[in-house]
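Thanks for coming. I have one structure to go through today, and I will keep to what can be computed from its atoms.

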Amino acid sequence: MRNFYPVKANLTLAFISAFSILIISCSKSQKPVVAPQEPVTITAFAPAKALPNAVVTITGTNFNTVAANNTVTFNGVTAKINSVTATQIVVTVPATAATGKIELLSNGKKAASATNFTVTSGVMSDYASFGALDIDQIKFDGTGRMFGGDGKKIYEIQPNDQPIYYTPTDGFTGFAVDAQDNFYIPVQTTIVKVSSEKNVSVLAGSYPSAGIADGTGADARFGTSSLDLAKDATGNLYFLGAGSIRKVSPAGVVTTLAGTNTFERGYVDGIGSAAKFGYLTRETTDPSGNLYVVDSDHFRIRKITPEGVVSTVIGNGTFGLTDGEGANAQMFGPQSLVSDADGNIFFSDADFENHHYRIRMLNKLGQVITLISGNTTSGIVNGALGTATTNRPLGLAFDATGNLYIVNSGVHKISKVTFN
């Protein structure tokens with residue numbers, strides 16, 4: 001019998017050698033494909049200028065979607081990154097930033113803005129004196145005139161002139177004015193309307209008032225007076241009730257935006273009637289129609305959206321003047337709230353007993369810094385932010401060009417902060 005084993009072994013070896021040659025040949029002819037590196041770019045940022053602590057949105061391409069893999073600098077100073085997508089990064093302007101390029105390092109790739117971001121600064125100066133009057137709140141009308149209230153009357157205030165008695169009212173702590181020069185004043189359990197011709201009427205509510213009820217005109221019931229009155233861009237007013245926020249249309253239609261009409265107080269964030277509030281003192285609206293209110297019982301500032309969604313912006317239930325973010329920031333006793341055109345909220349905060357005074361800025365992400373401080377029983381210092389001081393600050397207002405006005409009641413003056 002013949003032995004075939006050597007033949008099989010040789011055939012197997014030949015097959016393996018041929019297969020190996022085929023694999024090597026294929027591997028040499030099919031080189032791995034490397035995807036091209038897409039460039040990281042910054043195409044825009046908004047706003048183009050702002051104060052430190054303002055929120056800036058950077059748009060562009062191919063951002064790394066993990067925040068830790070991105071570094072954003074303003075003229076070399078690193079910014080806080082709040083959120084990031086492949087095409088958008090939201091940052092906070094650093095406290096020590098200076099005007100210059102915005103630069104991005106995203107997962108090892110660099111990009112820079114084509115234009116400079118301008119870091120805003122401000123200078124405080126005297127605007128008007130109000131003598132023996134106790135002006136506490138100020139507002140601008142649609143023509144740029146300033147008006148101030150002392151709880152008894154409303155006065156027109158002009159630079160280098162004594163306030164001029166303007167409209168007959170009594171027993172109020174806040175007021176609103178629209179573009180047509182109509183004044184709205186919460187007097188007891190009503191909202192009084194004073195036209196530009198000084199005709200007085202009741203927009204909503206009645207006195208005396210029993211209970212709380214939504215309705216139109218005199219059919220509405222407020223149950224209490226409101227310590228402030230805010231107005232949004234469409235002319236709606238917001239009445240600070242006993243445990244609720246009431247919305248009043250220009251036609252006098254009253255509805256409950258958030259909270260309950262049972263005089264019950266508490267602290268609960270939520271939607272509509274699920275929310276609860278403590279004692280509400282001051283308020284303002286931002287350009288998006290969000291309402292910000294001071295819940296003084298709980299040392300918090302609360303935000304209410306146009307849909308009635310209530311959330312806490314800053315505060316942790318204890319009083320203080322600590323800057324920070326969210327629950328790490330504390331408030332003492334805000335005397336006035338006002339929004340700038342970008343939606344930043346400015347508020348005057350005061351510990352009157354210990355003479356600690358602040359003008360503070362709250363950005364859209366709940367981050368707070370102090371712009372102007374003061375710790376004396378009398379006197380103010382004019383000058384740049386960081387040097388200027390405030391004394392017993394009460395009302396705040398912005399004019400149409402973005403200048404901020406402060407009622408420095410300790411010196412009976414209204415100060416003007418001009419931003420570059």
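I will take the cores, then one sheet, then the salt bridges.

First, the ground rules. This is a predicted model, so local features need pLDDT of at least 70, side-chain atom pairs count only at pLDDT 80 or more, and totals for chains, interfaces and linings use all residues. Residues are numbered from 1 along each chain as its sequence is written, and side-chain values use heavy atoms, with hydrogens and water left out.

Now the cores. By nonpolar core I mean a set of buried Ala, Val, Leu, Ile, Met, Phe, Trp, Tyr and Cys residues joined through side-chain atoms within 4.5 Å. Buried is under 20% relative accessible area, exposed is over 50%, and partly exposed is in between, with a 1.4 Å probe and protein chains only. The largest such core has 22 residues, and Ile58, Val72, Phe74, Val91 and Phe117 have the most contacts inside it. Several strands supply at least two residues each, among them strand 1 (41-46), strand 3 (55-61) and strand 4 (70-74). Strands here are DSSP runs of E, at least two residues long, numbered from the N terminus. Strand 9 gives the largest share, three residues.

What does Val72 touch, leaving aside its neighbours within four places in sequence? Taking contact as heavy atoms within 4.5 Å, the list includes Ile58, Ile81, Ile89, Val91 and Leu104. There is also a second, separate core of 16 residues, which includes Val338, Ile359, Leu371 and Phe419.

Next, the sheet. Two strands pair if DSSP finds at least two bridges between them. One open sheet has four strands in the order 15-16-17-18, with antiparallel pairing. Strand 15 (176-177) and strand 18 (200-205) are at the edges with a single partner strand each, so one side of each has no neighbour in the sheet.

Strand 16 (residues 183-187) has five of its five residues buried, so the rest of the structure largely encloses it. Phe183, Ile185 and Val187 are buried on one side, and Tyr184 and Pro186 on the other. Two bridges join strand 15 to strand 16, and Ala176 stands opposite Tyr184. The hairpin of these two strands has five residues between them, including Asp181 in the turn, with a positive phi of about 65 degrees.

On the other flank, strand 16 pairs with strand 17 over five bridges, with Tyr184 opposite Lys193. Two residues lie between the strands of that hairpin, where Gln188 has a positive phi near 55 degrees. Strand 17 (residues 190-194) then pairs with strand 18 over five bridges, and Lys193 has Ser201 as its bridge partner there.

Last, charges. A salt bridge is a side-chain nitrogen of Lys or Arg within 4 Å of a carboxyl oxygen of Asp or Glu. The count comes to 12. Asp181, from the turn of the hairpin of strand 15 and strand 16, is in a salt-bridge network with Asp141, Arg145 and Glu156.

How far apart are the closest N and O atoms of Arg360 and Asp349? They are 2.9 Å apart, and the pair links strand 32 (residues 356-362) to strand 31 (residues 345-351). Arg360 is buried at 0%, and Asp349 is buried at 0%.

Arg302 and Asp269 form a salt bridge at 3.0 Å, with their positions 33 residues apart in sequence. Arg302 is buried at 0%, whereas Asp269 is partly exposed at 33%.
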